[in-house]
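Biologist: Could you take me through how the helices pack here, and then through the nonpolar core? Please show the model before we begin.

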Amino acid sequence: MESTANGNGAGSPEAGHPERSEAAFAAERSRGTATPTATPIPTPDAIPTPAPIPALPNFTEPIPTRPPPRALPPVAPNNAVAPILQPPEPPEAISPRQRPGVVIRTILGLALLLGLAYAAAHPAVERFERRIGVSHLVTAGLPFIALGMLARMPMVGVLSDDVLAQLGPVLRLGLGWIGFIVGFRLDARQLTGTDERTVATAALLSSLPFVAVVAAAAAVLVPAAGPIAERFRDPVFLRDAIVLGTAASMTAATVPQLLPARTPPAAAAIVGRIVRLEEIAGILGLALVAAYFRPQGDAVTWRLPGTAWLMLTAGAGTLLGLVVLVLLRRARSGAEFSVLTLGSVAFSSGLAGYLHLSSVVVCFVAGVLLANFPGSQKARFRGVLDLLERPIHLVLLVILGALWPTRSVTGWLLIPVFVSARVLGRWAGAKAAFRIGALDLDEGARRVIAVAPVGSLAIAIVVNAQLLYPGGSIADAVVAVVGGALATEALVHAVHRGRPAPRAAPEPSP
Amino acid sequence: MIDAVLLALLAGLMHTARTFSAGGQAAAGTSLGFGYLLLTAFLSGRIFAAARLPKLTGYIAAGVVVGPSVLGFVDATVVDNLQIVNGIAVSLIALTAGTELRLDRVRPLARTIGLTTALGVFGGALAIAATVFLLRGHLAFLSALPAAQAAAVALVLGVVLVAQSPAVVVALSDELRADGPVTRVVLGVVVLADLFVIVLFALASAAAKAALGVAGGARIAVGHIAWELLGSIVAGFVLAALLAAYLRWVRRGSTLFLLTAAFVVAEVGQRIGFDPLLVSLTAGVLVRNLTALGDELHELVGGASLPVYVIFFAVTGSKLHLADVPPVALPVLAIVAVRAASLLAAGRAGARLAGAPPEVARWAPYGLLPQAGVALALALLFTRAFPEFGGEASAVALGVVAMNELVAPAVYRLALVRSGEAGRTHARATPAPASAPPRAVGNG
């Protein structure tokens, strides 16, 4: 384990007290007032060290506070993701000799984009995709990930480091957008009537894949020499495993549409509610990770225990939700509504990121609040969110493709582990729910539940985790989840091949 | 009142975030700055509108107040990072301007536009240059130079400061839903003047560098102009072809394609020396006048116009460093006054010489006063081209732009209202001319 005992990565006095010099610390030690390095110390800003009183030396010691329970070792940002975390450099002027080449490449790039869009929209191409069985992969966004990888290649040079740096805020905006969309779906009225059986099924369907993926990841990632229990004490592993498990515990909101046509509408509606509950579980998982595994460094000046960060996340989401609600009610036209929506999402996700909180979670909380407050703004807000959901998702995939750490052997290794453990966990969950009488679906429908697609929220969660913890092994989790999502789409297609057209959606799909 | 309370609430949240955190990741700071600037500028615009001032003055004022020079909620790094957003905004504004330029409607006003532009740009530049030259005793960076060199530098400043603002003109026309001869003449003049100013700036700065004995001669200047102007126009043709092809054959996801194209124009354009405004303007004019897709493109861009205007003017405002202006207030005020007088006189003279309707002669010259993106870019270019003149030269140039940016839109707004052209259109996407067949190519 790389982290030190005091939770701040502080083996030296300065690490816990950035403002306090070595000399000051030595002076305190000589007076008997210095705090042992293993004891957590509040920052001087929060609780100033009182003047020493010789008669009562013990009273002069600062009150120990609990450190973040799972402090992470400081790490440098991963090279792959560094471009979107660093501020963009001023663009370099291209020398006159290189200009024609850049112009030609740009025109060819735009023409290629045009050609791809034309081809993708052409009915003959869509028929061909269906015939050879790649339509699900296309729908899932594989071409956009490939486009990002292609544009990132040095010989193409379109998505260079500085361009990616400029697209960094778009990534943050996209995460906030997804958070708002998922939160906004959580209208309490739609969940009214959810019985214990549905909750139990959702609990089984989200917890068993979580456990399966965490256990499988531990088995794969455990070092040959170390015992597995030791691995679970490593906060970095624990964090990554929870992120992987959280991503595995969710399914796409389109699952009800994939159920066999013979499935009764009431059962399909229950599946829709289960998906919603799984989303809540996923958001909760990310919130817990972001609160209890704080990023290191002095970027955030407050030192708080994990529970306080959790409360702060909920509070920030609620406050922002209320502000956004008032703002949206001020709109007088569609254009004004668009401005306020765009500004609100950017502000909320930016504020969360600025405080090193999860943008997805904070925006989710704000979205839930908006969805459950009465008012005429709800339909319009939903309309604006839906309007840009697909473009934002596709831009996210292009950026993800560009940042894809292709050399992450562990990540590639984790893809089959993630997919198989997730399917196994969901299959076990569905079977257990059926056995206890909580899930009333036939075997074909249960198979659909077992191999349900991963969904964009899971991808958003791992991307958000990577932004929160830009260094180390989190990149492997991103590879595993994004690759696993695509692989699951292929699996979904294999399961559905030759079956009649899917049923109509029981409720608006995202 | 509620808008003001919301402004205070947002400011409180920003202040809290800044005291709470020593700075998040760059992207988070930029996203936060973008959202905050967008919301604050929008609310300020509404407060200004309630006071019968242009909304865009509110957007600019918000940028100034929350930007690095006053409150500092949006710091200089974030403003720099938002440059690409500004680039996309410029590209979209230019596309809007291009699709507004129906040659069949502008043709009867061509003489007025040509004469007003020529008199305004040349006369205005010379008048400003003369003022700067005469005030050189108050300007440390000029007082030490011999008269010939001071005159050459004054000429460059004259060209920089005569620049007008297509963005303000388009935004105000949109805001007031204005249409008519005054609106069309002003739009034509500011677009044409933009081209003239780019050419003149390259020539004048080459001449000044030669006079100062700095490397970079006339040949380089000509090459630069040829590349920037011709290259931008050719790139505009290519962009028009791509946009038209997309709108005709694909349609699905056209918003995303348009934004991608604007991003590419802004990002690649600035790196290879093209003028993104000219590229997009050319594309807009071509799509409007050579295809039947002009309305579709106009509607597409128009759908995103409000956020684009808000963020463009707010970022432009946040780049103004008003704190630098007081030491050079006297020359700045003198230049602003001379510029306004010369442009108003040139506008009236041009319109009368061309036999334009009286309302054009009376009100159109006020549309030449606003300055924003182009002038600011040229002022920064001037600062970069002549670093030896230091901060004072930059303060004078940016001070004049700041004054015109904050005050002139209100003047032009009043002129549009008084001319009776405000409120003549219900939507900016005006229907195609009745004479044009529905899907004809080449209705211009």
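Biologist: Which residues of α17(B) does α7(B) meet?

Modeller: In this predicted model, the α7(B) side of the contact includes B:Gly120, B:Gly123, B:Gly124 and B:Ala127. Sorted by class, the contact holds 13 nonpolar, nine polar and one charged residues. The residues met in α17(B) are B:Ala334, B:Ile335, B:Val338, B:Arg339, B:Ser342, B:Leu343, B:Ala346, B:Gly347, B:Ala349, B:Gly350, B:Ala351 and B:Leu353.

Biologist: Is α7(B) roughly parallel or roughly antiparallel to α17(B)?

Modeller: The axes of α7 (residues 110-134) and α17 (residues 329-353) of chain B come within 8 Å and cross at roughly 155°. Because angles over 145 degrees count as such, α7(B) is, with respect to α17(B), roughly antiparallel.

Biologist: In chain A, at roughly what angle do the axes of helix α8 and helix α17 cross?

Modeller: Helix α8 (residues 161-185) passes α17 (residues 359-372) in a right-handed crossing, and their contact comprises 16 nonpolar, five polar and one charged residues. The axes of these two chain A helices come within 6 Å, and the angle at which they cross is roughly 35°.

Biologist: Which helix gives the largest share of the largest nonpolar core?

Modeller: That core has 306 residues, and A:Leu244, A:Val481 and B:Val160 touch the most other members. Leaving aside residues up to four places away in sequence, A:Val481 touches A:Leu244, A:Ala247, A:Phe418, A:Ala458, A:Ile459 and A:Val462. The largest share, 17 residues, comes from chain B, namely from residues 181-212, helix α11.

Terms used
Residues are numbered from 1 along each chain as its sequence is written. Chains are lettered from A and ligands numbered from 1 in the order in which they are written. This is a predicted model: local features need pLDDT of at least 70, side-chain atom pairs count only at pLDDT 80 or more; totals for chains, interfaces and linings use all residues. Axes are lines fitted to C-alpha atoms, for helices over the stretch in contact, and angles run from 0 to 180 degrees between N-to-C directions. Helices (H or I, at least four residues) and strands (E, at least two) are DSSP runs, numbered from the N terminus. A crossing is left-handed if the near helix is turned anticlockwise from the far one by less than a right angle, and right-handed if clockwise. Ala, Val, Leu, Ile, Met, Phe, Trp, Tyr, Cys and Pro count as nonpolar, Asp, Glu, Lys and Arg as charged, and the others, Gly among them, as polar. Angles under 35 degrees count as roughly parallel, over 145 as roughly antiparallel, 65 to 115 as roughly perpendicular and the rest as oblique. Two residues are in contact if their C-beta atoms, placed from the backbone, lie within 7 Å. A nonpolar core is a set of buried Ala, Val, Leu, Ile, Met, Phe, Trp, Tyr and Cys residues joined through C-beta atoms within 7 Å. A residue is buried if 20 or more other C-beta atoms lie within 10 Å of its own, exposed if 12 or fewer, and partly exposed in between; C-beta atoms are placed from the backbone.
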